[in-house]
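Trainee: I have a new protein open on my screen and no idea how to begin reading it. Could you walk me through it?

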Amino acid sequence: MINQQQIELTAERKKLISILVLLKETWNLYRNYLGVLIGIMLVPTVIGLIGAIFSAYGKAGAGGPIVAAIIVILGIILMVGKVIISFSSLLASLYAIKERTGISESYRWAARNFFSYAWISILAMLIVMGGFVMGIIPGLIFSVWFVFAVYIFVVENQRGFSALLKSKEYARGYWWPIFGRTLISTLISLIVYAILLLTLLLNKIAGEIIVYIVQIFLTPFLVVYLYQLYKNLTEIKPELAMTVVVNKKGFFIFSAALGFVVLVVLPIVIIGLAKIRSNAQKIINQQRSEVRY
């Protein structure tokens with residue numbers, strides 16, 4: 001069990017590193033792992049480009065309808081693979097930083113742990129979405145609480161709710177400092193992507209190429225940024241490292257269920273009601289037409 005008083009006293013004694021120091025440490029670690037991190041990001045990018053080429057070639061009808069259909073299907077498979085591997089690239093990047101591994105070994109580890117990682121990500125997304133349904137403030141609070149869940153999964157091998165609840169404990173007493181530092185990274189991303197959007201509007205082809213290049217370099221930098229912030233919290237709260245958090249999770253299960261309803265059930269209900277309304281309207285129009293004749 002966690003000694004809550006001890007954690008709160010520790011939080012009062014120490015402060016998070018400043019934003020400037022955090023950026024400096026992020027840059028140093030990012031620079032040391034640049035080759036591997038860029039390589040990890042290049043894998044889904046290259047697969048996606050090949051898939052796009054296959055799809056475009058197939059849609060052009062080259063080689064006859066059967067060959068074109070096969071090429072289009074291969075292109076779709078590659079594009080789906082690109083999405084899955086892009087999702088796994090964060091996991092591979094974190095493992096590479098933690099274990100100092102290469103590209104292939106990092107991706108092999110990510111593949112073995114893909115479903116555990118996906119489960120944590122889905123849980124966090126649903127809980128945060130449920131929080132935003134309850135209000136902007138709960139949604140923001142949950143977003144900060146659970147921002148380190150994936151990092152805890154990779155570094156401390158905590159899974160599911162254990163990783164989420166431990167992330168919340170790391171954030172306890174530091175919500176505003178963490179929010180401020182994550183806000184900085186968000187602003188950096190927004191500024192960069194605003195510039196990219198302008199470039200894209202000026203020249204579509206050149207803009208798309210620049211977007212790919214910037215994503216390859218920017219994404220791992222942001223991963224390292226949060227990793228350094230997480231490591232700072234582990235130094236401030238070392239008593240959490242070997243602790244399994246067993247706090248009550250009933251409220252978060254409720255929030256996740258609420259998020260699931262909004263994300264999955266509600267759109268299905270809306271589509272179903274729209275279809276019923278459309279069918280009813282068709283019947284009414286048909287009856288009116290019969291009455292006229």
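Mentor: Let's go from the overall fold to single residues. Keep in mind that this is a predicted model.

Trainee: Okay, the fold first. How many helices and how many strands are there in the protein?

Mentor: Start by listing the elements in order. Here you get 12 helices and zero strands. Read along the sequence, the pattern is simply α-α-α-α-α-α-α-α-α-α-α-α.

Trainee: What share of contacts joins residues at least 24 apart?

Mentor: For that, look at contacts between residues at least 6 apart in sequence; 77% of them join residues at least 24 apart.

Trainee: And the outside? How much accessible surface does the protein have?

Mentor: About 16800 Å², and carbon and sulfur atoms account for 70% of that. As for the inside, 38% of the 293 residues are buried.

Trainee: Which residues have the most contacts inside the largest nonpolar core?

Mentor: Leu91, Ile127, Leu164 and Ile178 do, in a core of 60 residues. Helix α11 gives the most to this core, with 11 residues. Try clicking on Ile178: leaving aside neighbours within four places in sequence, Ile178 is in contact with Leu16, Val144, Val147, Phe148, Ala171, Leu229 and Leu233.

Trainee: Now pockets. How do people find empty space in a model?

Mentor: Rolling a probe the size of a water molecule over the atoms shows where empty space is left. In this protein, the largest pocket has a volume of about 590 Å³. It is lined by 24 residues, and the closest to its centre are Leu90, Val147, Val150, Tyr151 and Leu226. You have already met Val147, as one of the contacts of Ile178.

Trainee: Which helices supply at least two residues of that lining?

Mentor: They are α4 (64-99), α6 (114-134), α7 (136-145), α8 (149-156), α10 (175-202) and α11 (204-236). The largest share, five residues, comes from α4.

Trainee: What classes of residue make up the lining of the largest pocket?

Mentor: Sort them into nonpolar, polar and charged. You end up with 17 nonpolar, seven polar and no charged residues.

Trainee: Let's stay with α4, then. I see Ser93 in that helix. Is Ser93 buried or exposed?

Mentor: Check the relative accessibility against the cut-off: buried means under 20%. Ser93 is at 1%, so it counts as buried. Not counting residues up to four places away in sequence, Ser93 touches Leu37, Ile40 and Val223.

Trainee: And what does Ser89 touch?

Mentor: Ser89 also sits in helix α4. With residues up to four places away left out, Ser89 touches Ile40, Met41 and Tyr107. Its relative accessibility is 5%, so Ser89 counts as buried.

Trainee: What would a partly exposed residue look like?

Mentor: Take Val43 in helix α3 (residues 34-59). At 28% relative accessibility, Val43 counts as partly exposed. Its contacts, again not counting residues up to four places away, are Ile85, Ile103 and Tyr107. Val43 and Ile103 are 60 residues apart along the chain, yet their C-alpha atoms are separated by 9.1 Å.

Trainee: Backbone angles next. Where is there a positive phi in a residue other than glycine?

Mentor: Arg100 is one, with phi near 55°. Arg100 is in the loop between α4 and α5 (103-112). At 71% relative accessibility, Arg100 counts as exposed. Asn157 is another case: its phi is positive, about 60°, although it is not a glycine. You'll find Asn157 in the loop between α8 and α9 (160-171), and a relative accessible area of 48% makes Asn157 partly exposed.

Trainee: One more loop, please. Is Lys237 buried or exposed?

Mentor: Find the loop between α11 and α12 (250-292), where Lys237 lies. Lys237 has a relative accessible area of 0%, so it is buried. Now compare chain separation with distance in space: Lys237 and Tyr170 are 67 residues apart along the chain, while their C-alpha atoms are separated by 7.2 Å.

Trainee: Got it: fold, core, pocket, then residue by residue.

Definitions and conventions:
Residues numbered from 1 in each chain as written. Predicted model: local features only at pLDDT ≥ 70, side-chain atom pairs only at ≥ 80, totals over all residues. Heavy atoms only, no water. 1 Å grid on protein atoms, 1.4 Å probe; cavity = no way out; pocket = protein on both sides within 12 Å on 5 of 7 lines; lining within 4 Å. Points joined across faces, edges and corners; volume = space filled by probe spheres on them. Helix = DSSP H or I, 4+ residues; strand = E, 2+ residues; numbered from the N terminus. Nonpolar A, V, L, I, M, F, W, Y, C, P; charged D, E, K, R; others polar. Core = buried A, V, L, I, M, F, W, Y, C linked by side-chain atoms within 4.5 Å. Buried < 20%, exposed > 50% of the residue type's maximum accessible area, 1.4 Å probe, protein only. Contact = heavy atoms within 4.5 Å. Areas by Shrake-Rupley, 256 points an atom, 1.4 Å probe, with all protein chains shown as cover.
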